[in-house]
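Dear colleague,

Please find below the structure I promised to pass on to you. My notes on what was found in it follow directly after.

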Amino acid sequence: MAYNLLKGKRGIIFGALNKNSIAWKVAERAQEEGAIFTLTNVPIAIRMGDTQTLANKCNTIVIPADASNVEDLEALIVQSMEFLGGKIDFILHSIGMSPNVRKGRHYSDLDYDFLSKTLDVSAISFHKVLQVARKLDAINEWGSVLALTYVAAQRTFYGYNDMADAKSLLESIARSFGYIYGSERKVRINTISQSPTPTTAGNGIKMFGNLLDFSERMSPLGNATADECADYCIMMFSDFTKKVTMQNLFHDGGFSSMGMSFSAMEQYNRGCEDEEPDHKFD
Ligand SMILES: NC(=O)c1ccc[n+]([C@@H]2O[C@H](COP(=O)([O-])OP(=O)(O)OC[C@H]3O[C@@H](n4cnc5c(N)ncnc54)[C@H](O)[C@@H]3O)[C@@H](O)[C@H]2O)c1
């Protein structure tokens, strides 16, 4: 169901690789809600993935850009404003990549060049997008910028590796830049902390299936899907959330407020049948 929530708004969406990508779902919903936008990704992802297919569906263009490269970002933002016919109202940063995770390096044995790459691509790129946009004065008043993050920024998750450090930095950038961009030009900047989601990046996490199951058991409302995340992003880009900024917003079915649930506890029911609870709330 569409509500015209983004009618007349212009955006840039980073990170739609294939139909499982969270950014893909956001692009589809943004179009349904009346927005126009450009899509962007790294050249290799455009060649190997389906970004162009999405662009055809959304009547838009794909502008190649490495989000860690300032010149690429300048060209992207200038070309987007030209194509869309004006300044930008929303940006989605939906980017994550860790060479340490890809190469199976343990957190206690990180390759530091890889770590720099993880931080640059997954977190500092958010600062670069904001800095370039601000210098070009590319975002309209009450514009909304979002990045996607994970609760491993606050708490330790087995196997999440140096992406946890990247997500902490990403969330901090949203706060630090949110103050500056908000007070100067009324641009709001937030992060959405999403449930584990079966995407290409998600499946790169060690024992991802187990994490998905644990998270589902622990979340009173169940894991949030990519489609539900897209709905939340649309709301955050809309005029209904104009005074929300510098926040890390949990979109996780309640996971982040849980300690233990019946459904998770049940997994550890080893020889204590006499302690079986009377009720289950799952
Ligand atoms: N999948 C999950 O479980 C989950 C949970 C919480 C948060 N997130 C976050 O959601 C975001 C989107 O990931 P996804 O799950 O949709 O996976 P995805 O693999 O579909 O998307 C990741 C995207 O990052 C892009 N990317 C990598 N390096 C880049 C660079 N240098 N410049 C520009 N783009 C680059 C990839 O090409 C890809 O399109 C990421 O920030 C991820 O950490 C994912």
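In this predicted model, the crossing of helices α4 and α6 is right-handed. The two helices, α4 spanning residues 70-84 and α6 spanning residues 112-135, pack at an angle of about 50°, and their axes are 10 Å apart. An angle of that value makes α4 oblique to α6. On the side of α4 the contact is made by V70, L73, E74 and I77, while α6 contributes K128, V129, V132 and A133.

Just as a helix pair can be described by its angle, so can the helices that lie on the sheet, and I turn to that sheet next. It is an open sheet of seven strands, paired in parallel, and its order reads β3-β2-β1-β4-β5-β6-β7. The edge strands, each of which pairs on one side only, are β3 (62-64) and β7 (248-251). From one strand to the next, the twist averages 20°. Within the sheet, strand β4 (residues 88-93) runs parallel to strand β5 (residues 139-149), and five bridges join the two; in this part of the sheet, I88 stands opposite I139 in β5.

Two helices that touch the sheet may be of interest to you. Helix α10, formed by residues 226-237, packs on the sheet and touches β1, β4, β5, β6 and β7, with a direction that makes about 165° with that of β6. Helix α1, formed by residues 22-32, lies across β1 (10-14), β2 (36-41), β4, β5 and β6 (188-194), and runs at about 160° to β1.

One residue of helix α10 deserves a separate note, namely A226. This residue counts as buried, because 20 C-beta neighbours lie inside 10 Å of it, which is the number at which a residue begins to count as buried. Leaving aside residues up to four places away in sequence, A226 touches N20, I22, K25, T197 and T199. As for the last of these, T199 is 27 residues apart from A226 along the chain, and their C-alpha atoms are separated by 8.8 Å.

Two backbone conformations should also be flagged before you use the coordinates. Most residues other than glycine have a negative phi. Residue N4, however, which is not a glycine, has a positive phi near 60°; N4 is found in the segment before β1, and it counts as exposed because it has 11 C-beta neighbours inside 10 Å. The second case is D137, likewise not a glycine, with a positive phi of about 45°. D137 has its place in the loop between α6 and β5, and with 9 other C-beta atoms within 10 Å it is exposed.

Finally, here is the chain as a whole. The protein chain has 11 helices and seven strands. Its radius of gyration is 19 Å, close to the 19 Å that the globule rule gives for 282 residues, so the chain is as compact as a globular protein of that length. Along its principal axes, the C-alpha trace spans about 70 × 45 × 40 Å. Of the 282 residues, 44% count as buried. Among the contacts with a separation of 6 or more, 72% are accounted for by residues that are 24 or more positions apart.

With best regards

Terms used:
Residues are numbered from 1 along each chain as its sequence is written. This is a predicted model: local features need pLDDT of at least 70, side-chain atom pairs count only at pLDDT 80 or more; totals for chains, interfaces and linings use all residues. Helices (H or I, at least four residues) and strands (E, at least two) are DSSP runs, numbered from the N terminus. The radius of gyration is taken over C-alpha atoms; the globule rule is 2.2 Å times the number of residues to the power 0.38. A residue is buried if 20 or more other C-beta atoms lie within 10 Å of its own, exposed if 12 or fewer, and partly exposed in between; C-beta atoms are placed from the backbone. Two residues are in contact if their C-beta atoms, placed from the backbone, lie within 7 Å. Two strands pair if DSSP finds at least two bridges between them. Axes are lines fitted to C-alpha atoms, for helices over the stretch in contact, and angles run from 0 to 180 degrees between N-to-C directions. Angles under 35 degrees count as roughly parallel, over 145 as roughly antiparallel, 65 to 115 as roughly perpendicular and the rest as oblique. A crossing is left-handed if the near helix is turned anticlockwise from the far one by less than a right angle, and right-handed if clockwise.
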